[in-house]
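Me: I am new to this protein and would like a close look at one part of it. Could you walk me through a sheet?

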Amino acid sequence: MGLMVQITALQRKIQVCRNLDHYYHSTINYSTKYICGGLLFNSFGTLQSPSYPSNYPDNADCLWQIQVKDNFRIMLTFGSIQLQGGCQNDYIEIFDGPPNTSPLLGRICSSSYLTYTSSSNFMTVRFHSDSRYSSRGFHAEYQSFPADQTTTLVCLPTYMRAAVDRHYLQSQGYSVWNISLSDPSCRPTITSTEVIFNIPYNGCGTRRQGNNETITYSNVIKAHASDYIIKRHKDLHLHFSCKMLQNTWVQVMYIANDTSDVADLSETQYSRYNVNLTFYNSSSFLLPVRDFPYYVDLNQNLFLQASLHSSDPNLVVFVDTCVASPDPSNFRTLTYELIRSGCVKDPTYSSYYSPYSDVARFSFNSFSFINRYPSVYLQCELVVCRYNDYSSRCYQGCVSRFKRNAGSSQENVNVVIGPVQLREAHAENRNTELASDIQAKGDSQSSAPAASSHVPLAVTAMVLVAAVLTVGGFLLKRKLQKPIPYQIM
């Protein structure tokens with residue numbers, strides 16, 4: 001009986017240890033995330049797991065977004081891949097565009113010398129690891145190469161620029177004079193090499209649609225077969241779209257294929273949203289600050305305006321997050337939060353009314369953080385949504401965790417501005433510099449050669465004699481000019 005009690009007690013201890021181990025893994029290991037990745041804009045480059053070639057950390061979530069020049073493609077090659085736990089635990093995902101709405105090119109966890117090619121100038125790589133095992137990780141290289149130049153598309157801030165190669169049209173039997181948009185009043189510019197359409201986002205028959213992650217502007221270029229009585233060629237329908245997605249302008253161009261009489265072709269490009277952040281000298285927001293560094297006093301009101309430049313008037317801008325840092329390239333190590341996820345963190349932060357939906361205004365007071373470092377930079381995350389889309393992030397205000405509605409659409413844009421410096425600190429620095437200059441000049445004069453500062457002895461004696469004679473002559477003259485006292489007889 002005593003043996004059974006001991007066994008039961010031992011089993012309970014083992015179960016307690018298992019529960020503690022489960023609690024440790026579920027509350028400590030899984031709660032600490034290692035965030036990494038970034039935006040890559042060069043025409044070639046490398047990316048690798050954290051600490052490569054050493055083991056990567058647990059609970060890593062890395063996201064690299066590669067964007068090269070318009071009308072170029074991306075070739076990504078993995079030299080070595082060593083992950084643990086199979087593709088269920090640690091894995092790499094490659095997307096043909098932005099991560100949430102683009103096709104998955106591959107999900108890998110081992111092998112080497114794998115190559116993936118994008119269909120546009122944008123590609124996303126995601127790396128994930130759990131808390132169980134770790135290994136060496138991976139190393140990859142990418143390079144860009146020019147795409148077929150038959151059609152090109154560029155999504156600019158206020159309009160789309162679509163161009164079709166003139167030689168291609170003529171080789172397929174289409175006349176450059178029979179090509180038009182959905183709105184035939186918007187005519188192209190025809191050059192010796194291209195047929196070019198500059199299409200505004202709010203005109204020429206451009207349509208706007210939205211889903212859970214994009215705002216899409218689309219139009220159609222039509223080229224009719226040049227036959228008169230009978231038709232031996234298909235009509236050409238060139239469907240093109242500019243999509244606003246997360247931190248990018250997503251540009252998509254394709255030619256739909258109607259099996260009866262329409263030809264087929266496709267083209268995709270990506271670009272960036274045009275948003276700026278500007279300091280103003282007062283709450284009237286009339287005079288912007290042009291000079292940087294921007295010198296301010298301690299506790300001075302600082303006024304900022306975020307402006308979106310787009311020809312679409314039905315957009316709204318929302319200030320989601322703003323943080324300050326002394327380093328414009330590092331907003332993680334040492335920061336001060338003004339607002340986070342729409343929740344005000346700094347007591348002096350306040351929003352201002354704006355008469356325009358695509359303009360957001362706010363202010364805060366300069367703080368002692370500036371006094372510790374010579375310069376401070378601000379990074380603000382701005383959200384762009386459809387006007388009156390109350391399910392989007394722009395209309396949710398302060399939220400700890402926003403869950404996107406399937407029918408909403410928005411884009412997040414990061415903007416950095418600065419530096420900001422305290423005026424007193426700037427004056428002290430100037431005084432220090434002036435004192436240093438004066439000291440340097442004094443040192444240079446005192447260190448002149450000795451021969452130039454010593455006068456020969458004969459010259460010194462002559463100078464002294466001349467000085468004595470001058471003083472003596474002056475005293476004698478005073479004596480002769482002195483009035484003679486008189487006596488009364």
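In what order do the strands of the open sheet of 4 strands come, and is their pairing parallel or antiparallel?

Reply: Happy to help! This is a predicted model, where local features need pLDDT of at least 70 and side-chain atom pairs count only at pLDDT 80 or more, while totals for chains, interfaces and linings use all residues. Residues are numbered from 1 along each chain as its sequence is written, and side-chain values use heavy atoms, without hydrogens and water.

Your sheet runs β2-β9-β4-β7, and its pairing is antiparallel. Strands here are DSSP runs of E with at least two residues, numbered from the N terminus, and two of them pair if DSSP finds at least two bridges between them. The edges belong to β2 (44-48) and β7 (114-117); each has a single partner strand, so one side of each is left without a neighbour in the sheet. On average, neighbouring strands are turned by 20° against each other, direction ignored, as judged from axes, lines fitted to C-alpha atoms, with angles between N-to-C directions running from 0 to 180 degrees.

Now look at β4 (residues 72-82) and β9 (residues 137-146): 10 bridges join this antiparallel pair. Phenylalanine 72 stands opposite proline 146 of β9.

How far can you trust the picture? The protein averages a pLDDT (the predictor's confidence in each residue, from 0 to 100) of 74, and 68% of the residues score at least 70. Over residues 12-31, pLDDT stays under 50, and the model has 8 contacts there beyond four places in sequence, a contact being heavy atoms within 4.5 Å. Residues 246-262 also stay under 50, with 100 such contacts. Where pLDDT is low, the predicted coordinates should not be read in detail.
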